[in-house]
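Me: I am new to this model and would like to know how its descriptions are reached. Please show it, and then I will ask about the terms one by one.

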Amino acid sequence: MKLPPQKTKIVATIGPATKSKRMIEKLIKAGMSVARINFSHGTFEEHAKVIEAVREASQKLDRRVAILADLPGLKIRVGEIKGSYVELRRGDKVILTTRDVEGDGMVIPVEYKDFPRLVSKGDTIYLSDGYIVLKVEEVRDTDVEALVISGGKLFSRKGINIPKAHLPVEAVTPRDMEIIEFAIEHGVDAIGISFVGSVYDVLKVKRFLEKKGAGNVFVVAKIERPDAVRNFDEILNAADAIMIARGDLGVEMPIERLPILQKQLIRKANVQGKPVITATQMLVSMTTEKVPTRAEVTDVANAILDGTDAVMLSEETAVGKFPVEAVEMMVKIAKVTEEYRESFGMVRMREFMEITPQKGAIKEAITRSIVDALCTVNIKYILTPTRTGRTPRLISRFKPKQWILAFSTDERVCNNLMFSYGVYPFCMEEDFDERDIVRLIKGLGLVQSDDIVLMTEGKPIEKTVGTNSIKIFTIA
Ligand SMILES: Nc1ncnc2c1ncn2[C@@H]1O[C@H](COP(=O)(O)OP(=O)(O)OP(=O)(O)O)[C@@H](O)[C@H]1O
Ligand SMILES: CC(=O)C(=O)O
Ligand SMILES: [K+]
Ligand SMILES: [Mg+2]
């Protein structure tokens, strides 16, 4: 077998342009690692079909794909607009209303009953990730009258941001809980919590999952409001992974702060060994064009150099004209860029040692010592038997140039390793041992006699102990 050309993981949002089996197969072949379903759009019926199609295609092609269910959360949205969009021009007066109407040029429905209570005269309202800007002129019972400051095409169901408004503190809504139940029933691997405000949002979802016997579902905390940035350390600690959701974050905070914030959040997630997804507008011009802009290509490359585990596509694959090309483009950028990060290992480790406290876990010491070994011996693969996925994730944070082959008996653990840079998971039979691993990778042609590999172990092997040793050996 051949391992993928790139170690960076690719999250692709499935939508109208890609929900068919044929398109999902194409995305998988192109390199999609995670299929994201945005529950802000579409119906349960559609989503159930997508889930089934992803599982079928993944099985047919023998390529592992995780499924991420992204919750709507607290986002206020525009309702349905006649003919799917209206063109708003600078100087136009519009009425945003909570009345149940279909939108046209003058009247725009808003799907949030308390909307008029959130704004007052003079406030700025952003539509469609900040693409359109309005200024509030008058607030009435169900209506908000506003002036278009900066115009553009406004499509149905686009987001509304009012950075000044104080939204309810709890980000996880009753509707989100219903979606989580649906997701569990349909065997989704991971849940993305939108607009996380504090650690309690993460814990609420975690507790619910545990109660439902789905404690192994991955919880991805989406960082997209200032509260989440402020409470980031606690959120990171409780979540399994994070997403830098730059779409909303870039409206809720001064957009010019994004680049540095992205680097800071990625570094913190790396130190903790939690996968991080960089999301939104990465190749957005490919929604309509076959070739991305130089700035977009550079953005993808820079996110990888920052240490992101995964890069994400939204409208590019959900509604775009070139979804397969967008995934292929990310693969190409990743492949070329990753070659230039080799030397990061030691530098990063020194930084990590300065940040992490001395009273770290045994795994912490073991995974650090691997970096040293990789610099000393010509090691072909890092082999990690794992129960929870923790060990391969702790190694992945150093972004080694070797693949980390992970071996687990748990399908869900394998799927969730699809979020981690450079990790290739294999699902094993119960009670597998070192010989089974070597037999498997030899059989697949990944290694030959005389190749040197590094394996992490929990000794004694018959007991449930965490990883506490490494072994470097030559394949017989
Ligand atoms: N399942 C779907 N059905 C229809 N359209 C979709 C679907 N998923 C995504 N889209 C379209 O692709 C666009 C980009 O997707 P994306 O997931 O970034 O959504 P978003 O509306 O910007 O909100 P969010 O902040 O929740 O990500 C959406 O605005 C929507 O127009
Ligand atoms: C992905 C997402 O929710 C955002 O960028 O806002
Ligand atoms: K969402
Ligand atoms: Mg968002």
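Me: What makes 5 residues of the shell around ligand 2 charged?
Reply: In this predicted model, the residues around ligand 2 are Arg36, Lys222, Glu224, Met243, Ala245, Arg246, Gly247, Asp248, Thr280 and Met312. Asp, Glu, Lys and Arg count as charged, and the shell divides into 3 nonpolar, 2 polar and 5 charged residues. Gly counts as polar, so Gly247, one of the residues around ligand 2, belongs to the polar class.

Me: How do you know that Glu224 makes a polar contact with ligand 2?
Reply: A polar side-chain atom of Glu224 lies 2.9 Å from an oxygen atom of ligand 2. The cut-off is a pair of N or O atoms within 3.5 Å, so the pair with Glu224 qualifies. The side chain of Asp248 also has an N or O atom 2.8 Å from an oxygen atom of ligand 2. For Arg246 the atom is a backbone N or O, 3.4 Å from an oxygen atom of the ligand, and that too is within 3.5 Å. The protein covers 91% of the 220 Å² of accessible area that ligand 2 has on its own.

Me: Which elements supply at least two residues each of the shell around ligand 2?
Reply: They are strand E15 (241–245) and helix H8 (246–252). H8 gives the largest share, 3 residues.

Me: What makes Arg77 a polar contact of ligand 1?
Reply: A polar side-chain atom of Arg77 lies 3.0 Å from an oxygen atom of ligand 1, and the limit is 3.5 Å. For Arg36, an N or O atom of the side chain is 2.7 Å from an oxygen atom of ligand 1. Asp248 has a polar side-chain atom 3.1 Å from an oxygen atom of ligand 1. The protein covers 85% of the 600 Å² of accessible area that ligand 1 has on its own. Strand E2 (34–38) and helix H11 (315–318) each give two or more residues to the shell around ligand 1. By class, that shell has 4 nonpolar, 5 polar and 6 charged residues.

Me: Why is H1 called oblique to H2?
Reply: The axes of helix H1 (residues 21–30) and helix H2 (residues 44–61) come within 9 Å and cross at roughly 50 degrees. Under 35 degrees would count as roughly parallel, and 65 to 115 as roughly perpendicular. The angle fits neither range, so H1 is oblique to H2. The crossing of H1 past H2 is right-handed.

Technical notes: Residues numbered from 1 in each chain as written. Chains lettered and ligands numbered in written order. Predicted model: local features only at pLDDT ≥ 70, side-chain atom pairs only at ≥ 80, totals over all residues. Heavy atoms only, no water. Near = heavy atom within 4 Å. Polar contact = N/O pair within 3.5 Å; in protein donor to acceptor, adjacent residues only side chain to side chain. Areas by Shrake-Rupley, 256 points an atom, 1.4 Å probe, with all protein chains shown as cover. Helix = DSSP H or I, 4+ residues; strand = E, 2+ residues; numbered from the N terminus. Axes fitted to C-alpha atoms, helices over the stretch in contact; angles between N-to-C directions. Parallel < 35°, antiparallel > 145°, perpendicular 65-115°, else oblique. Left-handed = near helix turned anticlockwise from the far one by under 90°.
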